[in-house]
There are 2 protein chains.
Amino acid sequence: MKERLSAEERRRQIVEAAVELFSRKGFRGTRTREIAEAAGISEAMIFKHFATKRELYSAIIEAKSATDELLASAAIAARQHDDAGVLRAVGLKMIEQTEADPSLMRLLLFSALEGHELSDIFFESRVKTLHQFLSSYIRKRIKDKRFRAIDALVAARGFIGMVVHYLLIHELFGIKRPLHSSSEEVVELFAAIFLKGIER
Amino acid sequence: MKERLSAEERRRQIVEAAVELFSRKGFRGTRTREIAEAAGISEAMIFKHFATKRELYSAIIEAKSATDELLASAAIAARQHDDAGVLRAVGLKMIEQTEADPSLMRLLLFSALEGHELSDIFFESRVKTLHQFLSSYIRKRIKDKRFRAIDALVAARGFIGMVVHYLLIHELFGIKRPLHSSSEEVVELFAAIFLKGIER
DNA sequence: CAATAGCAAGTGAGCGCTTACATACTTACT
DNA sequence: AGTAAGTATGTAAGCGCTCACTTGCTATTG
């Protein structure tokens with residue numbers, strides 16, 4: 001029983017199976033046989049569509065690097081000079097996106113640790129963009145005299161760090177957030193700390 | 001020319017070579033042959049001292065889990081209710097330690113991503129301890145009415161996150177800190193933001 | 001000599017990738 | 001329309017290599 005599919009559809013199918021495996025077990029930890037099995041096809045098919053295992057991996061990373069409208073809602077808040085709104089939007093989108101597709105974070109970490117050549121591109125599209133958006137907003141608000149005159153880039157990384165670390169221990173080590181606090185509340189707290197500090 | 005060494009010394013020598021390789025290339029990415037070569041011995045010697053490759057890896061993780069006096073200086077500041085001092089001490093120790101031995105962070109991430117059974121122990125000794133120390137300090141200062149009544153654990157993770165993320169992009173993606181700011185200044189800024197926020 | 005420390009040379013399993021071949025669809029000619 | 005030739009899509013089997021781990025042996029030490 002052989003179902004014939006279009007080349008494009010097959011590729012999609014292979015990529016889909018591969019993403020799941022690469023993100024769970026890394027490049028080296030994933031066997032091409034497993035990918036074939038998960039996609040429900042023979043191993044040779046993978047190599048009909050991708051010259052090497054590495055090429056398949058690269059295709060995935062490049063696809064995942066596609067920068068979507070992650071910052072749309074944050075940009076709206078930015079236009080209205082709604083500081084808390086900007087932070088809230090950035091933080092929530094990060095969490096939302098990671099929870100919808102946890103493979104992204106794992107792929108990013110794996111690619112960096114394993115030293116894949118495309119990990120830089122991945123990093124730039126997925127992390128650097130965030131840093132730059134937030135730091136340029138902070139810089140603007142410093143000029144407006146609404147924020148203290150601090151290093152905007154370092155500060156931006158600080159806020160992103162709060163959220164990333166929260167996601168990291170959540171996704172990587174399975175640490176659950178306290179039952180009483182939703183991710184909205186967590187982001188709200190991070191934003192409040194970032195803007196007003198924890199001193200009373 | 002065969003130098004005979006004591007079993008213990010050999011083990012140390014093997015472990016030393018293995019740490020470097022495992023942290024750079026992960027468990028699956030490291031060949032036992034490479035470890036032997038790096039240690040200047042034959043591959044068979046490794047298996048005289050460690051039954052399996054995995055056992056060697058576990059030995060390393062357990063050794064690296066040894067909690068040292070990371071929090072000594074922070075505890076001193078804590079006794080004096082020196083809030084900025086506590087944060088500074090925690091942050092600086094984290095950076096200092098990571099820069100002195102970058103393998104630790106990489107091993108921690110690799111073990112978590114690759115799903116090693118000991119990664120939890122590793123996490124608890126290296127991360128959870130920090131979270132608990134800082135969150136209990138924050139709780140105390142909330143009782144003192146010096147901090148606002150926030151979720152202490154989430155807040156603590158927030159501060160740790162700022163520092164961790166800074167180290168992460170530094171060590172993993174090779175992002176250099178801006179030339180004008182030393183790690184002391186970065187930590188100082190994180191502490192200031194955490195306590196007072198960035199609003200003026 | 002007994003025990004330990006060492007190595008060269010395997011061994012079998014598993015890996016990425018290839019080959020030889022079968023089956024479905026497309027095209028073109030009558 | 002019918003069919004032969006050509007092409008794209010698929011598979012089963014396996015090749016060559018690398019890996020973790022073993023074996024069989026020698027050298028050194030107490």
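Let's start inside chain B: leaving aside neighbours within four places in sequence, B:His165 is in contact with A:Val127, A:His131, A:Arg157, A:Ile160, A:Gly161 and A:Val164, where contact means heavy atoms within 4.5 Å. B:His165 sits in helix H9 (residues 152–171) of chain B. Helices here (H or I, at least four residues) and strands (E, at least two) are DSSP runs, numbered from the N terminus. With a relative accessibility of 4%, B:His165 counts as buried; buried means under 20% relative accessible area, exposed over 50%, and partly exposed in between (1.4 Å probe, protein chains only).

A quick word on the ground rules. This is a predicted model, in which local features need pLDDT of at least 70 and side-chain atom pairs count only at pLDDT 80 or more, while totals for chains, interfaces and linings use all residues. Residues are numbered from 1 along each chain as its sequence is written, chains are lettered from A and ligands numbered from 1 in the order in which they are written, and side-chain values use heavy atoms, with hydrogens and water left out.

Now step back to chain A. It has 10 helices and zero strands. Its C-alpha atoms fill a box of roughly 70 × 35 × 30 Å, taken along the principal axes. Of the 200 residues in chain A, 54% are buried. Look at the chain A contacts with a separation of 6 or more, and 69% of them come from residues 24 or more positions apart.

How do the two chains relate? Chain B can be laid on chain A with an RMSD of 0.1 Å by a turn of 180 degrees and a shift of 0.0 Å along the axis, the copies being superposed by least squares on the C-alpha atoms of residues with pLDDT of at least 70 in both. The two copies are thus related as by a two-fold rotation axis. In chain B, the C-alpha nearest that axis belongs to B:Gly197, 1.9 Å away from it. And 100% of the interface residues of chain B are also interface residues in chain A, so the copies meet through the same surface.

A:Phe173 gives another look at the two chains together. It is found in the loop between helix H9 (152–171) and helix H10 (183–196) of chain A, and at 12% relative accessibility it counts as buried. Not counting residues up to four places away in sequence, A:Phe173 touches A:Leu168, B:Leu108, B:Ala112, B:Ser119 and B:Phe123.

Then there's the packing. The largest nonpolar core has 144 residues, and A:Val90 and B:Val90 touch the most other members. (A nonpolar core is a set of buried Ala, Val, Leu, Ile, Met, Phe, Trp, Tyr and Cys residues joined through side-chain atoms within 4.5 Å.) Beyond its neighbours within four places in sequence, A:Val90 is in contact with A:Leu71, A:Ala74, A:Leu130, A:Phe133, A:Phe159 and A:Ile160.

A charged residue can be tucked away too: B:Lys64, in helix H4 (residues 53–64) of chain B, is buried, with a relative accessible area of 17%. A polar contact of 3.5 Å joins its side chain to that of B:Ser103. A polar contact is a pair of N or O atoms within 3.5 Å; within protein, one must be able to donate a hydrogen and the other to accept it, and residues adjacent in sequence count only if both atoms are side-chain atoms.Next comes the DNA. Strand D is surrounded by 21 residues, the closest being A:Arg10, A:Ser42, B:Arg31, B:Thr32 and B:Lys53; a residue is near a strand if one of its heavy atoms lies within 4 Å of it. By class, this surface has seven nonpolar, four polar and 10 charged residues. (Ala, Val, Leu, Ile, Met, Phe, Trp, Tyr, Cys and Pro count as nonpolar, Asp, Glu, Lys and Arg as charged, and the others, Gly among them, as polar.) A polar side-chain atom of A:Arg10 lies 2.6 Å from a phosphate oxygen of DNA strand D, while one of A:Lys48 lies 3.4 Å from a base nitrogen of that strand.

Finally, B:His81 sits in the loop between helix H5 (72–79) and helix H6 (83–100) of chain B. Its phi is near 55 degrees, a positive value in a residue other than glycine. Most residues other than glycine have a negative phi.
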